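I sat down with this model today and kept a few notes as I clicked around. Here they are, in the order I made them.

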Amino acid sequence: MAMDLVLASSSRYRRAQLASLGLQVEYAAPDIDESQLPGEKPADMARRLARSKAQVIAALRPMAVIIAADQVACVGNRILSKPGSLAAQRQQLADSGAQELHFYTALAVCRAADARFDEHLDVTCCRMRALTAADIDRYVAAEPAIDCAGGFKVEGLGILLFERIDSSDPTALIGLPLIAVGRLLRQYGWELP
């Protein structure tokens, strides 16, 4: 039986990641409050948001397999949001220089018709190198990543900002852990390499 696959996201980065796998995917952006709850840890926040996104779209499309993800980035206890402007991107990079950043990328895959729900969490630890103001200016001019948590694109020039990146799935840092996506979709019946 063929099943529809729906990505519960408006992220062009996650769309591109799924397109790279050759999957036929529909897209639906869930409308949820993405605010952090009082006392909520970053990993728990990422899991809750991915789960909520999946549940909202699954209620609308119960026969489809829903893929949802969320990523929460932090330096110490401070959550890094999407900068939204070049000035904010510069500031985020300046604040993150010579620091260790953690990215919690949560994945939820479900199909309401079967009452199936699966989750995965990938933790990526990044050590940013010390950055000068000139380094930051050059990077921001070359790659304005104002729509990316942390203010960089690791799949682009942003990789040059780091001393090391430790992860069990390097695609998770882009926004969707494709190793886990493949594993879960195979469990739902997709024939993938």
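**Entry 1: the start of H1**

I began at the start of H1, where a side-chain oxygen of Ser 11 comes to within 3.2 Å of the backbone nitrogen of Tyr 13. A reminder to myself: this is a predicted model.

Next I asked which residues of helix H1 (residues 12-19) are buried. I found Tyr 13, Arg 14, Gln 17 and Leu 18. They sit on the same side of H1, because they cover an arc of only 135° around the axis. That fits the textbook picture: an α-helix has 3.6 residues a turn, so residues three or four places apart point the same way.

What do the buried residues of H1 pack against? I noted S1, helix H2 (42-60), S3 and helix H5 (178-187). S3 was my next stop.

**Entry 2: strand S3**

I looked up how many residues of strand S3 (residues 65-75) are buried, and the count is 11 of 11. In a regular strand the side chains alternate between the two faces of the sheet. I therefore listed the two sides of S3 separately, and both faces turn out to be covered. On one side I have Val 65, Ile 67, Ala 69, Gln 71, Ala 73 and Val 75, all buried. On the other I have Ile 66, Ala 68, Asp 70, Val 72 and Cys 74, buried as well.

Then I went through the pairing of S3, strand by strand:

- Strand S1 (residues 5-7) pairs with S3 in the parallel sense over 3 bridges; here Val 6 has Ile 66 as its bridge partner.
- Strand S5 (residues 100-111) pairs with S3 in the antiparallel sense over 10 bridges; here Ala 68 has Ala 108 as its bridge partner.
- Strand S4 (residues 78-80) pairs with S3 in the antiparallel sense over 3 bridges; here Val 75 has Arg 78 as its bridge partner.

S3 and S4 form a hairpin with 2 residues between the strands, and I saw that Gly 76 takes a positive phi near 60° there.

**Entry 3: positive phi outside glycine**

After Gly 76 I checked other residues for positive phi. Ala 98 has a phi near 60°, a positive value in a residue other than glycine. I placed Ala 98 in the loop between helix H3 (86-96) and S5.

Ala 115 also has a positive phi, about 55°, although it is not a glycine. Ala 115 lies in the loop between S5 and strand S6 (116-128).

Are these alanines buried or exposed? Ala 98 is partly exposed, at a relative accessible area of 32%, while Ala 115 is exposed, at 72%.

**Entry 4: a buried glutamate**

My last stop was Glu 143, in the loop between helix H4 (133-142) and strand S7 (162-166). Glu 143 is buried and yet has no salt bridge. The nearest side chain of opposite charge is that of Lys 153, 5.5 Å away; a salt bridge needs the nitrogen within 4 Å of a carboxyl oxygen, so this pair does not count.

What does the side chain of Glu 143 make a polar contact with? I found the side chain of Tyr 139, at 2.5 Å. The side chain of Glu 143 also reaches the backbone nitrogen of Gly 158, at 3.1 Å.

I rounded this off with the contacts of Glu 143, leaving aside its neighbours within four places in sequence: Gln 89, Lys 153, Gly 156, Leu 157 and Gly 158.

Technical notes
Residues numbered from 1 in each chain as written. Predicted model: local features only at pLDDT ≥ 70, side-chain atom pairs only at ≥ 80, totals over all residues. Heavy atoms only, no water. Buried < 20%, exposed > 50% of the residue type's maximum accessible area, 1.4 Å probe, protein only. Helix = DSSP H or I, 4+ residues; strand = E, 2+ residues; numbered from the N terminus. Pairing = 2+ DSSP bridges. Arc of directions from axis to C-beta. Contact = heavy atoms within 4.5 Å. Polar contact = N/O pair within 3.5 Å; in protein donor to acceptor, adjacent residues only side chain to side chain. Lys, Arg positive; Asp, Glu negative; His and termini not counted.
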